[in-house]
Amino acid sequence: MKSVLTNPILMFLVRISLGGIFVISSLDKLADPGAFTMSILNYKIVGTLLATTTATILPSLELLCGLSLILGLYPRTSTLLITLMLIVFTVFVISALLRGLDISCGCFSQDPDVNKIGYSKILENIGMILMGVWLICVNNYGIALIRFFPQKNNIPGDLKK
């Protein structure tokens, strides 16, 4: 069983899946930060300043971590950040559900009628958290796509410093 859980191909597929989800989820947020700010404010946890700041920074962080995880560039750091983001997102969803809010999660679309929060969203996030924890604990990230990019070995001495 242990060999299945540490199989490099399986680890690569988990990495691509988790990274891909974050890349895709960042796109709508990057396209319309104002709508994403409103999605954050709908949770009624933070004020306008923090929501605006988060809506400006978070999508770029999601994109960067997702691409990094897909490419295998700093996979441990990317996985840690993605897992921490998922934990925070899950706490926000649980808080909103406990307060009876009927809102969109703001995950993949900023349309207020799409992706309503619910217990299925919590289970989905827990599944992704477990994927992240698994990658972190196993500490085997499989094939790194970054290895297939050409390396420059002819760097002049002045630029090596």
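# Questions on a predicted model

Colleague: Is Tyr74 buried or exposed?

Modeller: The relative accessibility of Tyr74 is 61%. Buried means under 20% relative accessible area, exposed over 50%, and partly exposed in between (1.4 Å probe, protein chains only). Tyr74 therefore counts as exposed.

Colleague: Which pLDDT do local features need in this predicted model?

Modeller: Residues are numbered from 1 along each chain as its sequence is written, and side-chain values use heavy atoms, with hydrogens and water left out. The model is predicted, so totals for chains, interfaces and linings use all residues, side-chain atom pairs count only at pLDDT 80 or more, and local features need pLDDT of at least 70.

Colleague: How many helices does the chain have?

Modeller: Helices (H or I, at least four residues) and strands (E, at least two) are DSSP runs, numbered from the N terminus. Along the sequence, the pattern reads α-α-α-α-α-α. With 0 strands, the secondary structure comes to 6 helices.

Colleague: Which helix supplies the largest share of the largest nonpolar core?

Modeller: A nonpolar core is a set of buried Ala, Val, Leu, Ile, Met, Phe, Trp, Tyr and Cys residues joined through side-chain atoms within 4.5 Å. The largest one has 17 residues, of which Leu18, Ile82, Met85 and Leu86 touch the most other members. At least two residues come from each of H2 (8–31), H3 (33–41), H4 (48–71), H5 (75–98) and H6 (119–138). The largest share, 5 residues, is supplied by H4.

Colleague: At what angle do H2 and H6 pack, and how is that angle classed?

Modeller: Axes are lines fitted to C-alpha atoms, for helices over the stretch in contact, and angles run from 0 to 180 degrees between N-to-C directions. The axes of H2 and H6 are 10 Å apart, at an angle of about 135 degrees. Angles under 35 degrees count as roughly parallel, over 145 as roughly antiparallel, 65 to 115 as roughly perpendicular and the rest as oblique. At about 135 degrees, H2 and H6 are therefore oblique.

Colleague: How many charged residues does the contact of H2 with H6 have?

Modeller: Contact means heavy atoms within 4.5 Å. On the H2 side, residues including Leu10, Arg15 and Leu18 meet H6 residues, among them Met128, Gly132 and Trp134. Ala, Val, Leu, Ile, Met, Phe, Trp, Tyr, Cys and Pro count as nonpolar, Asp, Glu, Lys and Arg as charged, and the others, Gly among them, as polar. By class, the contact has 10 nonpolar residues, 2 polar residues and a charged count of 1.

Colleague: What is the C-alpha separation of Ile103 and Ile117?

Modeller: Ile103 lies in the loop between H5 and H6, and at 9% relative accessibility Ile103 counts as buried. Not counting residues up to four places away in sequence, Ile103 touches Asn42, Tyr43, Ala96, Asn115, Lys116 and Ile117. Although Ile103 and Ile117 are 14 residues apart along the chain, their C-alpha atoms are separated by 6.2 Å.

Colleague: What is the relative accessibility of Ser68?

Modeller: Ser68 lies in helix H4. Leaving aside neighbours within four places in sequence, Ser68 is in contact with Leu73, Tyr74 and Ser78. Ser68 counts as buried because its relative accessibility is 11%.

Colleague: What is the phi of Lys44?

Modeller: Lys44 lies in the loop between H3 and H4, and at 59% relative accessibility Lys44 counts as exposed. Although Lys44 is not a glycine, its phi is positive, at about 55 degrees.
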